[in-house]
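Got your viewer open? Let's take a walk through this structure, one selection at a time.

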Amino acid sequence: MGANVLVDLSYFVVAVVFILGLKAMSSPVTARKGIVWAGAAMVGATLVTFATPGLANHGLMITAIVLGGALATWSGRAVKMTDMPQMVAIYNGMGGGAAAAIAALEFARGGVHSPGVATLAVLGALIGSVAFSGSCVAFAKLQGITTKAWRLPQQNLVNIVLAALTVLLGATIVVSAAPNPNLIVAFFVLALALGVILTTPIGGADMPVVISLLNAFTGLAVGFEGFVLNNPALIVAGIVVGASGTLLTQLMAKAMNRPIRNVIFTPITGEAAGGGEVIEGTMKELSALDAASVMRYASKVIIVPGYGMAVAGAQHKVWEMAQLLEEGGVEVAFAIHPVAGRMPGHMNVLLAEAGVPYDKIFDLEEINADFGQADVALVIGANDVVNPVARTDKSSPIYGMPILNVDMAQNVIVVKRGKGAGYSGIENALFYKDNCRMLYGSAQAAIAEAIGHVKAMEA
């Protein structure tokens, strides 16, 4: 068996292990095993690459691995769990940027000759550049560096014109035997600008879908550049990441009942307040003591976590309170909306970190019918995913989005820092309903105070 055949077979084996690892991650029970398998597959692919005949740049590869590994280890330990969405966003961007850099290097040294390979290089460069600059914008939004969703006049027309110009320059590069360096630079500048222009108008309500979409872009870009370099590892990894990212994007869009084209061309900008149905009633406040009493003497409590819980780092306190309630004979369950938080699975990760058993965590389809039988629905920092206007107000930007039916519980308690609207900028009609009471304050402090009162009732 030749060396090249053995290398290709090894790549095939690690690719299978990587795919099995991704599949295992789909279940909370096997997620840890899946992470180990996927990680082992990536290490295996790296080792196979080192063993590939004809490679002479082992020193540069080792240097890159050491530097990247050190930076990743530091950031993985230093970044708070609440900041995980922006870290995922920037990591996605780095992958896309790397793919674009590969294409730029190949064009600069004249290593792309055949029209087919040149086309793949241009596509990878375009998609990778958009993923990189778009992910940087997403990072800035999630990190709070920029909070406003900027939208240009005739935004969609600008998007189309900029995309057309970028594609035109890319096509010129493909048909040119020796592309002019200025042409290549102009192409990358426009591609990076396109990523910024596309992402800047998108508000926080659409951010989970955007992160998934950019992840898919990164995978596709890496896969295309794998063909350019004739590297099976990049091809397989790129295709798998691109396919899984595309599937996840479709699932996220379905969870919001918003076509992907609407996310890009008609985003929820964060300035959606105003118009629509007139909300009647007033917000009614209650104390932590009253909240503790209602939950302690309930039969069933459903807890709905949101980004407010993540910001406050209150997941451990929430689980402590849930355990106290269960010890008192109260049935407790956690309800997770698919787009709660700032990235897919954000709330699941936080609850798992706090030690909440998987069998107590339910998604929207599994638990929505139970709210009508719940004595208390405790909403902690969630907003748009529990807003009933999604069912009733056809003029609302979130109309038709599946929501958690917390308003159907006998009592609703909402832990919220203030009276402002949600990240989408839409006023929440739930807060004004007769069966809803507001517990104002940081989730960490509010739940801690409620825990103290529950303990006092047990004494």
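**Stop 1: a nonpolar patch**

Start by selecting Leu-9, which is partly exposed, because its relative accessible area is 42%. One thing to keep in mind as you click around: this is a predicted model. Leu-9 sits in helix H1, and it belongs to a nonpolar patch on the surface. To see the whole patch, add Leu-6, Phe-12, Val-13, Val-16, Val-17, Leu-20, Val-36 and Trp-37 to your selection; with Leu-9, they make up about 780 Å².

Now colour helix H1 (3-24) and helix H2 (31-51), since each of these supplies at least two residues of the patch. Which helix gives the most? That's H1, with 7 residues.

**Stop 2: inside helix H5**

Next, show helix H5, residues 115-143, and pick out Ile-127. Is Ile-127 buried or exposed? Its relative accessibility is 17%, so Ile-127 counts as buried; the cut-off for that is under 20%. Try a distance label from the C-alpha of Ile-127 to the C-alpha of Ala-100: you should get 7.8 Å, although the two residues are 27 apart along the chain.

Stay in helix H5 and move to Ala-118. Ala-118 is buried too, with a relative accessible area of 4%. Put another label between the C-alpha atoms of Ala-118 and Glu-106, and it should read 9.5 Å; these two are 12 residues apart along the chain.

**Stop 3: two helices packed together**

Hide what you have and show helix H6 (residues 155-175) with helix H7 (residues 181-199). Their axes are 9 Å apart, and the helices pack at an angle of about 155°. Because of that angle, H6 is roughly antiparallel to H7; the cut-off here is over 145 degrees. Rotate the view to look at how H6 and H7 cross: the crossing is left-handed.

**Stop 4: salt bridges**

Time for some charged residues. Side chains of opposite charge can pair when their charged atoms come close. How many salt bridges are there to find? The count comes to 6, and here are some of them.

Select Lys-300 and Glu-331, whose side chains meet in a salt bridge at 3.9 Å, N to O. Lys-300 is in strand S1 (residues 300-305) and Glu-331 is in strand S2 (residues 331-336), so this pair ties together parts that are 31 residues apart in sequence. Lys-300 counts as buried at 13% relative accessibility, while Glu-331, at 46%, counts as partly exposed. Add Asp-370 to the view as well: Lys-300, Glu-331 and Asp-370 are linked in a network of salt bridges.

Jump to Lys-360 and Glu-326, where the closest N and O atoms of the salt bridge are 2.5 Å apart. Lys-360 is in the loop between helix H14 (346-354) and strand S3 (361-363), and Glu-326 is in helix H13 (residues 315-327), so the pair ties together parts 34 residues apart in sequence. Glu-326 counts as partly exposed, at 25% relative accessibility.

For the last selection, take Arg-391 and Asp-407, whose side chains meet in a salt bridge of 2.5 Å, N to O. Where do these two sit? Arg-391 is in helix H16 (residues 389-392) and Asp-407 in the loop between H16 and strand S5 (411-416), so the pair ties together parts that are 16 residues apart in sequence. Arg-391 is partly exposed, with a relative accessible area of 34%, whereas Asp-407 counts as buried at 12% relative accessibility.

Conventions:
Residues are numbered from 1 along each chain as its sequence is written. This is a predicted model: local features need pLDDT of at least 70, side-chain atom pairs count only at pLDDT 80 or more; totals for chains, interfaces and linings use all residues. Side-chain values use heavy atoms; hydrogens and water are left out. Patches are made of residues with over 30% relative accessible area and no salt bridge: like charges are joined within 9 Å, nonpolar side chains (Val, Leu, Ile, Met, Phe, Trp, Tyr) within 5 Å. Accessible areas come from the Shrake-Rupley method with a 1.4 Å probe; for residues, only the protein chains shown count as cover. A salt bridge is a side-chain nitrogen of Lys or Arg within 4 Å of a carboxyl oxygen of Asp or Glu. Helices (H or I, at least four residues) and strands (E, at least two) are DSSP runs, numbered from the N terminus. Buried means under 20% relative accessible area, exposed over 50%, partly exposed in between (1.4 Å probe, protein chains only). Axes are lines fitted to C-alpha atoms, for helices over the stretch in contact, and angles run from 0 to 180 degrees between N-to-C directions. Angles under 35 degrees count as roughly parallel, over 145 as roughly antiparallel, 65 to 115 as roughly perpendicular and the rest as oblique. A crossing is left-handed if the near helix is turned anticlockwise from the far one by less than a right angle, and right-handed if clockwise.
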